[in-house]
Amino acid sequence: MQGVTIRDGRQPGTLVVCGELDVAGKPVLCAAVRQALLVRGADVVLDVAGVSFIDAQGLSALVVCRGLAGLAERRLRLVAVPARMVRLLRLTGLDRVLL
């Protein structure tokens, strides 16, 4: 189990997500997005090029994070999305709200 790591990206408001986005990674991602919304007060961009695995809990984390951004009257979007994740987002309809 690799876990997930999150760090600030080069562009303001960008978080770089690497590793496995699963049940263990869900609270880590949600906490990082919540913190970014509080501290920066701006939209959040998730660079997910380094995500090696995502399951239903990872998708759930993205939905929760989108909700957190909405409550803060901000947007959450994904960039550098690997093809396998784009396919999953399309299958679930999440591509319409996250890409």
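What share of the contacts in the protein chain with a separation of 6 or more is accounted for by residues 24 or more positions apart? The share is 64%. The legends below describe a predicted model.

**Figure 1. Overview of the protein chain in the predicted model.** The protein chain contains four helices and four strands. Followed along the sequence, these elements give the pattern β-β-α-β-α-β-α-α. The radius of gyration of the protein chain is 12 Å, close to the 13 Å that the globule rule gives for 99 residues, and the chain is therefore as compact as a globular protein of that length. The C-alpha trace spans about 30 × 30 × 25 Å along its principal axes. Of the 99 residues in the protein chain, 41% are buried. The accessible surface of the chain comes to about 5,600 Å², and carbon and sulfur atoms hold 54% of this surface.

**Figure 2. The open sheet and its four strands.** The strands lie in the order 1-2-3-4, and their pairing is mixed. Strand 1 and strand 4 (76-79) stand at the edges with a single partner strand each, so one side of each is left without a neighbour in the sheet. On average, neighbouring strands of this sheet are turned by 25 degrees against each other, with direction ignored. As general background, strands of a sheet pair through backbone hydrogen bonds, and the pairing may be parallel or antiparallel.

**Figure 3. The hairpin formed by strand 1 and strand 2.** Strand 1 (residues 4-8) runs antiparallel to strand 2, and five bridges join the two. One bridge pairs I6 with V17 in strand 2. Five residues lie between the two strands of the hairpin. In the turn, G13 has a positive phi of about 85 degrees.

**Figure 4. Strand 2 and its surroundings.** Why is strand 2 (residues 14-21) described as largely enclosed by the rest of the structure? The reason is that seven of its eight residues are buried. On the side of strand 3 (residues 44-54), strand 2 pairs in the parallel sense over seven bridges. Within this pairing, T14 stands opposite V45 in strand 3, and G19 stands opposite V51 in strand 3. Strand 2, helix 1 (residues 25-40) and strand 3 together make a right-handed β-α-β unit.

**Figure 5. T14 in strand 2.** Is T14 buried or exposed? The relative accessible area of T14 is 11%, and the residue is therefore buried, since the term buried applies under 20%. When neighbours within four places in sequence are left aside, T14 is in contact with R7, D8, G9, V45 and D47. Among these contacts, V45 is also the residue that stands opposite T14 in strand 3.

**Figure 6. Strand 4 at an edge of the sheet.** Strand 4 pairs with strand 3 in the parallel sense over four bridges. In one of these bridges, L46 has L78 of strand 4 as its partner. Between the two strands the chain passes through helix 2, and this β-α-β crossover is right-handed. Which side chains of strand 4 are buried? Those of L76 and L78 point to one face and are buried, whereas R77 and V79 point to the other face and are not. In general, the side chains of a regular strand alternate between the two faces of the sheet.

**Figure 7. Helix 2 and helix 3 against the strands.** Helix 2 (residues 56-71) lies across strand 2, strand 3 and strand 4. With respect to strand 4, helix 2 runs at about 135 degrees. Helix 3 (residues 83-92) packs on the sheet and touches strand 3 and strand 4. The direction of helix 3 makes about 105 degrees with that of strand 3.

**Figure 8. R34 in helix 1.** R34 has a relative accessibility of 42% and therefore counts as partly exposed. Partly exposed is the term for values between the 20% limit for buried and the 50% limit for exposed. Along the chain, R34 and E73 are 39 residues apart. The C-alpha atoms of R34 and E73 are separated by 13 Å.

Methods
Residues numbered from 1 in each chain as written. Predicted model: local features only at pLDDT ≥ 70, side-chain atom pairs only at ≥ 80, totals over all residues. Heavy atoms only, no water. Buried < 20%, exposed > 50% of the residue type's maximum accessible area, 1.4 Å probe, protein only. Pairing = 2+ DSSP bridges. Right-handed = clockwise from strand over helix to strand, strands pointing away. Axes fitted to C-alpha atoms, helices over the stretch in contact; angles between N-to-C directions. Contact = heavy atoms within 4.5 Å. Rg over C-alpha atoms; globule rule 2.2 N^0.38 Å. Areas by Shrake-Rupley, 256 points an atom, 1.4 Å probe, with all protein chains shown as cover.
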